[in-house]
Every structure is written in C-alpha cells, then in structure tokens.
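Hi,

Here is the structure I promised to pass on. Have a look at it first, and then read my notes below.

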Amino acid sequence: MNAPFPAAKDANGRAPRRRWTRTLPWVGGGLLAVLIIIGLWPKPLPVEIATAVRGPLRVTVNEEGMTRLKHRYTVSSPVAGLLKRIDLKPGMEIEAGKTVLAVLDTRAADLLDARTQAQAEAQVQAAEAALAQVTAQQKSAVAAAALARKNFERIQKLHTAGSVSQQEFDAAELNDTRAAQDERAAGFALQVAEYELKQARALLARGLGDASSNEPLVITAPISGKILKVFQESERVVSAGFPLLEVGDTFDIEARIEVLSRDAVVIKPGAEVTLHKWGGDQPLRGMVRVVEPAAFTKISALGVEEQRVYVMVDFLAPPEERSALGDSYRVEADIVVWSGESVLKVPAGALFQRGHEWLTYVVEGGRARLRPVSVGPGNGLEAEVTSGIAEGDRVVVYPGDTLRDGVRVRGMSVSGY
C-alpha cells in the first residue's frame with residue numbers, strides 16, 4: 001500500500017536533512033565550552049572563620065618558680081658546750097616554748113666576766129625593746145585584720161544583693177586575705193621576739209652564777225610549726241653561734257617566680273596570680289606582693305644569657321587547700337598584667353602586619369575583604385581590636401599566602417567563636 005503523503009524531495013530527487021541534525025554540533029560545542037568555563041572558574045578558598053565577640057580578656061606572664069617559707073628560724077647554740085644527740089627529724093611538729101630541740105652541757109662555761117656580762121645585759125635590753133616593738137605591730141595587725149574582715153562581710157552582703165560590682169568585691173576579699181596574712185606574720189614575729197627575750201634572760205641569769213648554771217641548758221622551740229632541717233644530729237662540742245636546726249611554719253609560705261626583666265617592668269604589686277601544676281587538683285589563687293628591684297643573670301636551657309627578676313607571690317588560698325605544699329616545691333604561675341571584662345576580641349591568628357599596619361580579612365558576601373584595624377593588648381591566643389571591625393564581623397583565621405582582597409572564600413567556624 002502506498003503512503004498517503006509521500007516524503008518531500010529536493011530538485012535532485014533527494015530527501016532533505018532534518019533541521020535539528022544541523023544544530024547538534026553547535027549545541028555540543030556550547031555545552032563543552034560551558035563545562036570548560038565551569039572547570040576553570042576559581043573555586044572558593046577553604047578558610048577558617050571566627051566571629052568578633054565581646055568578652056573578658058586577660059594578658060598574663062607565664063613562668064615557673066618555687067615555694068618558699070616566708071619566715072624561717074635557725075636555732076643556734078647560745079653558748080659553747082657539749083651538745084647532746086638530737087633525735088628530731090625534719091617534718092616533725094613542734095610547739096613554741098614546749099618542744100625541746102636541743103640540750104647543751106655547758107659545765108658552767110657560760111659564767112660571765114665583766115665585759116660579757118655587760119654584753120648580756122645589753123642583749124636583754126635589746127630583746128625587751130624588740131618585743132615591745134613587735135607587740136605594738138602585732139596589735140596593729142590584729143586591728144587591721146578585724147577591720148578588713150568587717151568590711152569584707154559588708155561588701156559580701158551588698159554583692160549578694162547586687163549593689164556592688166564584682167571588682168569591688170574582689171578588692172575587698174583581697175584586702176581581707178592580705179590583712180589576715182599580715183596578722184599571721186605578726187604573730188610569728190611576736191613568738192620569735194618572746195623567745196629571744198627568754199633566751200637572753202636565761203643566759204644572763206646563768207652567767208651571773210644562778211643555781212641552774214650547773215644544769216644542762218635546754219633549748220626549746222621558738223615558734224610553732226615544723227622542723228625543716230637538722231644541721232647537727234650527733235653529740236659533739238659546739239661553739240657559741242653554731243647552727244643546730246632550722247624550723248618554720250609550713251603554712252606560711254609564698255611563691256618566688258622567676259620572670260624575664262622585660263616582663264617584670266609591667267608586673268605591678270597586687271596583680272592577680274594563678275598558681276597551677278603544683279600537684280593539686282585545683283589551681284591556687286595568689287597576689288604579687290613585690291617585684292624585686294635587682295635582676296640576676298641566668299643561662300637558659302639553650303645556653304642563652306637571660307636577665308631574670310624574682311617576683312614574690314602571696315597565696316590567697318586558705319591553708320587547708322594547700323596543706324600538702326611545702327618549702328621549695330615547684331609551681332607554675334600565670335601573672336595578670338592586663339585584664340578587661342568586656343572587650344572586642346578576635347583570635348590572634350586573624351591579625352597580621354604589613355609594615356607598621358595591622359590588617360585582617362573580613363568575610364563579606366562570601367568574599368574576603370582586607371581591612372586595616374587597630375589592635376590592643378593580646379595574650380597570644382586572643383587580642384583586642386579597638387577599631388576597624390564591629391562585633392559580629394566574621395574574620396579569616398590564619399590566612400594563607402594565596403588569599404587576596406576580594407577572593408571568594410568558603411570556610412568553617414573556629415571552635416569557641
């Protein structure tokens with residue numbers, strides 16, 4: 001059967017090509033060009049992004065040091081004689097005026113002539129004057145501690161009610177702790193002064209031919225605390241002034257931190273200190289008491305000469321929190337040299353310098369925009385930005401050498417930002 005509509009033919013009697021077969025190469029070429037352009041189009045650079053936020057910022061000096069007893073006492077032989085064996089060991093508890101530390105057999109060798117008698121009488125007078133002075137200082141310290149305690153209790157109530165700031169509360173707590181430590185130190189000095197006077201009077205009495213001059217001289221503990229060292233255990237003849245033992249109060253300790261001289265100039269007395277890696281579970285609070293004015297030379301582990309300065313730190317933590325801490329124990333200290341409660345900050349890795357200008361990359365519309373900024377204090381991890389960016393701006397952290405102004409970026413947020 002013939003088709004009802006025969007196919008059209010051209011003048012040569014051939015069937016014409018379909019139109020779409022003629023456009024197919026152009027379509028394929030266009031698609032290939034699009035794929036090539038897409039393949040060559042710059043991809044967004046992967047970057048880390050952080051957000052500028054407001055919060056607390058602390059700049060610290062981090063160094064090592066060791067603990068040290070604030071007050072230690074070396075018990076020496078007051079006169080020449082035969083020292084009996086000392087059976088006491090370091091770490092043993094002692095009580096002022098009761099614990100016998102040493103016994104000396106003087107065999108009346110402590111009898112005085114006119115010159116030494118005058119010296120002994122002068123020592124008694126000097127000890128009496130020292131005791132009077134220390135007694136007055138101890139009373140003043142007790143009164144100051146009581147006043148600081150009352151003021152802290154008042155500030156504590158106001159702080160609970162929200163009437164005073166955290167800074168005022170911390171200052172009152174610091175003054176209370178400092179006054180309590182001063183009172184404790186004054187009590188220690190009073191014990192020592194009383195002991196010195198008692199010893200001076202006993203030696204004068206024995207030297208004047210008191211009935212007890214033929215009896216052994218008993219030396220008791222000058223303070224309450226612990227024995228630190230025993231210099232002479234065995235029985236032997238000793239001269240006047242020969243050191244026998246060293247005693248001290250192990251609860252009354254401080255930390256001596258070695259810092260570089262360039263860091264010491266920015267550390268101020270009263271600065272907050274955090275002591276850690278001392279062996280306990282929790283860090284201990286402290287406060288800078290004094291920055292010593294003289295430096296010393298120390299050779300570092302790399303063989304470099306460094307000028308170091310001692311910074312003395314008082315413990316603010318109560319004794320029960322650091323009861324295991326002793327003399328010459330190693331600690332690490334973070335000394336605060338600058339702090340702010342609400343500062344605009346970014347990771348330190350988001351800032352870099354070109355010449356004398358600080359810069360950062362801010363992400364806007366998927367592109368990195370180079371922006372100059374003004375930088376404040378920083379602690380190596382974070383830094384304050386005083387101008388150039390606003391809170392909530394996203395910045396690129398650790399920008400690479402391939403990052404340029406206007407480059408498209410794609411990134412992930414940094415933990416904590």
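To start with something you can check on screen: are Tyr73 and Tyr195 buried or exposed? Both of them are buried. Please keep in mind that this is a predicted model.

Those two tyrosines also belong together. Searching the whole structure turns up four aromatic pairs. In one of them, Tyr73 and Tyr195 meet edge-to-face, with 5.8 Å from centre to centre and 90° between the planes. The pair ties together distant parts of the chain, since Tyr73 sits in strand β3 (residues 72-76) and Tyr195 in helix α3, 122 residues apart. There is another ring to look at while you are zoomed in: Arg256 lies over the face of Tyr310, 4.2 Å from the ring centre.

Now the overall picture. The protein chain has four helices and 22 strands. It runs to 417 residues, and 36% of them count as buried. Taking the contacts between residues at least 6 apart in sequence, 77% join residues that are at least 24 apart.

Next, the pockets. The largest pocket holds about 690 Å³ of space. It is lined by 24 residues, and the closest to its centre are Gln167, Asp170, Glu272, Ser339 and Glu341. Several elements each supply at least two residues of that lining: β2 (53-69), α3 (166-207), β12 (272-276), β13 (284-291) and β16 (330-347). If you sort the lining by class, you get 11 nonpolar, seven polar and six charged residues.

The second largest pocket has about 300 Å³ of space. Its lining is made of 20 residues, with Thr177, Ala180, Gln181, Leu316 and Pro319 closest to the centre. Two or more lining residues come from each of α2 (114-160), α3 and β15 (305-315). Helix α3 gives the largest share, six residues. By class, this lining divides into nine nonpolar, two polar and nine charged residues. So helix α3 turns up in the lists for both pockets, and it also carries Tyr195 of the aromatic pair.

Thr177 deserves a closer look, as one of the residues closest to the centre of the second largest pocket. It is found in helix α3. Which residues does Thr177 contact, leaving aside its neighbours within four places in sequence? They are Phe315 and Leu316, and Leu316 is also among the residues closest to the centre of that pocket. Thr177 counts as buried because its relative accessible area is 17%, under the 20% cut-off.

Finally, two backbone oddities. Lys277 is not a glycine, yet its phi is positive, about 55°. Its place is the loop between β12 and β13, and with a relative accessible area of 58% Lys277 is exposed. Tyr398 is the other one: here too phi is positive in a residue other than glycine, near 55°. You will find Tyr398 in the loop between β21 (394-397) and β22 (409-413). Is Tyr398 buried or exposed? It is exposed, with a relative accessible area of 62%.

That's what I have for now.

Cheers

Technical notes:
Residues are numbered from 1 along each chain as its sequence is written. This is a predicted model: local features need pLDDT of at least 70, side-chain atom pairs count only at pLDDT 80 or more; totals for chains, interfaces and linings use all residues. Side-chain values use heavy atoms; hydrogens and water are left out. On a 1 Å grid over the protein atoms alone, a cavity is a set of points where a 1.4 Å probe fits but cannot get out, and a pocket is an open set with protein on both sides within 12 Å along at least five of seven lines; lining residues have an atom within 4 Å of a point. Grid points are joined across faces, edges and corners, and a volume is the space filled by probe spheres set on the points. Ala, Val, Leu, Ile, Met, Phe, Trp, Tyr, Cys and Pro count as nonpolar, Asp, Glu, Lys and Arg as charged, and the others, Gly among them, as polar. Rings of Phe, Tyr and Trp (its six-membered ring) pair if their centres lie within 6.5 Å; planes under 30 degrees apart count as stacked, over 60 as edge-to-face and the rest as tilted. Buried means under 20% relative accessible area, exposed over 50%, partly exposed in between (1.4 Å probe, protein chains only). A charge sits over a ring if NZ of Lys or CZ of Arg is within 6 Å of the ring centre and within 35 degrees of the ring normal. Contact means heavy atoms within 4.5 Å.
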